[in-house]
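Here's a quick walk through some contacts worth having on screen. Let's start with a single side chain and work outwards.

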Amino acid sequence: MTSFLSGRWLSALALLAALFFAMMCAGFALTPDPVRGHNRPAQFDANDARERLVRILGDETPHPVDSAAEDAVRDNLLREIAALGFEPEVRDTFACRPQPRGPLVDCARVRNIVFSLGPESAPAVLAAAHYDSVVAGPGASDDGIGVSVWLEIAAMLSREQLSRRVIFLFSDGEEPGLLGAYAFGSSDPLMASVESLVNLEARGSRGPAIFFESNQPNADAVAAFSRAPRPIANSVMADIYALLSNSSDVTALTRPGLDVLNIALLDGLEDYHTPQDTIASQDLRSVQHMGDIALGVIRRLAGERDPDVDASLVYTDIASRAFVAAPSWAAQAVLAICIFVAGLAFWRGGAAGRWSALAAPLVAIIVAGATAFCVGFVLSALRPGAEYGFAHPEPARAWCILSALLGAVLSLWWLRGGRSPAQTVNAAMLWFAGFGAALSLLVTGASILFVIPAALFVLGAVAALAWKPAGVIGAWLAALAALIIWAPMLSLIELALGFEAPFALALIAALTILPWLGLLAQVRGEGRWRGLVALAALGLAVSAVLSYVAPSISEARPRALNITYFVNTSDREARVLAGSAERQLPGTLVGAFRAERILPGDRYDTWAAPAPVEEIAPPLLEDIVVSRENGERIVRGRLIMNGAYRAILRMPMAAAPMRARVNGVLTNFAETGGEPGEFMNLACQGRACDGAMVEIALGADETQPWYVIGQFPGRTMAASDLFRARRGPTATPIQAGDGATTLSRFAPR
């Protein structure tokens, strides 16, 4: 008993507890500052921005592209711009964009709003946001926050002397496929003068504004962001984002040589693209933070000439209070030096316990990742389809962190790390710098997260040659730097990715703890580790059980669930649909649905319940004429929407679709992407689609059937209304929302 409760044991326990709570609460370091009660003339005023947004959104009716509700929002927006003394222009065009991540072309009539200030003949900075919303939500944060922030900044910049022109673009049709940005970037003459792009977005309704995407080489963009107040960014997040399937208007606007800063909110995912994305749910502190950052960036870009530095930088904030950046080659060179010095210090530490000390950090990493993977696998098996970390993320965060702590104490117990603590310190930093160098070869931006702690350790090790205590001081400073840099990043990764890959979060936590491994061994000494192992395992088990029993959805954080009436008008069959069968249904709906494949070409099952057929006039391709021209089969027809908001023409790949022309706009199916499937899709949304002339060029005489899918958002049907009443407050519509969908089959001959 005395062994477990010794001073060293308690000190080690206190250190583990401190690391646990620091990582659990690291997100608080990123919380935006309170809204200022008084703003200096040069400061952004969040309250003014909010008041403008209230006037623009009016009754907060959702306003998707080319809808009557969007007309009202656009009129309000134009009045606000004119009241600031600007003369806005509406660029009205019909646009079609091939989607690079799927076999789909999206089309709609878009009305971009453009105005500018500053010297007209000078190179320009493009300040962008979109003003359309999804069908299901009013878009107060996505992207009302961007619109309102830019309006407040425009009012401020109008009183300042600028070196570069600032063009404000409020794009339309972002939600269905970046259509307005695509039209502006590909054909608007103003785009030719643009040297820099700052885009404001939101994937939630609160939290800090994060600089998450840039261009390469990125030196000019990073320099513009470097003086932002409360900066939050790191280059590894930008590198990871580039690998994901997500997109924003930047995707359609970017081009080689354009300096890019994409800034967004990530917290409050439960409000994203839902009816909860209202002004009431938007955190005014987040508006202020985004405004402060955007104002600082745009002043830097518009107040100076483009330095046009051709260099790639790696960068990170330090607890949102400081910002550091360095050339990527320099960071990698410093890491290489750190590996050499840490390896030398490790070897000079003597042969006693050398190899067990070297193995301990690697064992800690492996145990952390494997433990979190196993816990996540078991929870997913016990609760299939449930997002166990969504409504209550704290237990899941806890067992991810405790997996890393368990790996640390297990490795020290198994490999007797307390017998050679100095060697373990050196070995841990050798592995830390080595992991950084290896990761930077795959994800260049990762090097900056490793180089600062590793450099502090090396400086201490070198200074210890003349003054021995410097080695201990350097090790502690390195460990503290790792915690300050890495723990908030753990919070950002959780916001961005959730708990779909808990082993990744555990590995990040393990890397955060790695520089502490030897220090933990020094604090504990040669005493027994079993008690600490038992406590870490017990904490992990308790948090895993809490993850299992905690509801995955709640009224505060409802899950996304559309209730849709579906009718196959050709086969006279109907269903009520309740989203993907890969996700768990609310308890009130369990047992009422079964998994089915609904649409031709679907790759996943949908929850479906039989329903009586109710009459809905589907969208159709009428007046079809098929001809052969220049060796190609040409299908022409007129699209009749019959009240649908969106129609999707689904044609078999076997027919070799080549090109399409909708309302006179030509698009090439070869420019679409994604995994090859059975069908190519051509979608049109909004009022301009009714009566649209469609022309499709095919390379083969395939006679398989074609389909038209019609979407009627908000359409109420008796069968689906019964299930909506049972959905309950823990589920909410999303994207296109509730409504009706039709499927019609035809053969163009």
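Arg 52 is found in helix H2, residues 46–57 (helices are DSSP runs of type H or I with at least four residues, strands are E runs with at least two, and both are numbered from the N terminus). Since its relative accessibility is 10%, Arg 52 counts as buried (buried is under 20% relative accessible area, exposed is over 50%, partly exposed is in between, with a 1.4 Å probe and protein chains only). Setting aside neighbours within four places in sequence, Arg 52 is in contact with Glu 80, Leu 84, Leu 151, Glu 152 and Ala 155 (contact means heavy atoms within 4.5 Å).

A word on the ground rules: this is a predicted model, where local features need pLDDT of at least 70, side-chain atom pairs count only at pLDDT 80 or more, and totals for chains, interfaces and linings use all residues. Residues are numbered from 1 along each chain as its sequence is written, and side-chain values use heavy atoms, with hydrogens and water left out.

Now for the charged pairs. The structure holds 37 salt bridges (a side-chain nitrogen of Lys or Arg within 4 Å of a carboxyl oxygen of Asp or Glu). Here are some of them:

| Acid | Base | N to O distance |
|---|---|---|
| Asp 292 | Arg 36 | 2.9 Å |
| Glu 304 | Arg 300 | 3.4 Å |
| Asp 701 | Arg 628 | 2.3 Å |

The salt bridge of Asp 292 with Arg 36 links distant parts of the chain: Asp 292 is in helix H10 (residues 284–303), while Arg 36 is in the loop between helix H1 (7–24) and H2, 256 residues apart. Asp 292 is buried, at 16% relative accessible area. In the pair of Glu 304 and Arg 300, Glu 304 is partly exposed at 35%, whereas Arg 300 is buried at 18%.

The side chains of Asp 701 and Arg 628 also meet in a salt bridge. This pair links distant parts of the chain too, with Asp 701 in the loop between strand E21 (693–698) and strand E22 (706–713), and Arg 628 in strand E15, 73 residues apart.

Strand E15 belongs to an open sheet of five strands, ordered E15-E16-E21-E18-E19 with antiparallel pairing (two strands pair if DSSP finds at least two bridges between them). E15 (620–629) and E19 (665–668) are the edge strands, each pairing on one side only. E15 pairs with strand E16 (residues 632–640) over eight bridges in the antiparallel sense, and Leu 621 has Leu 639 in E16 as its bridge partner.
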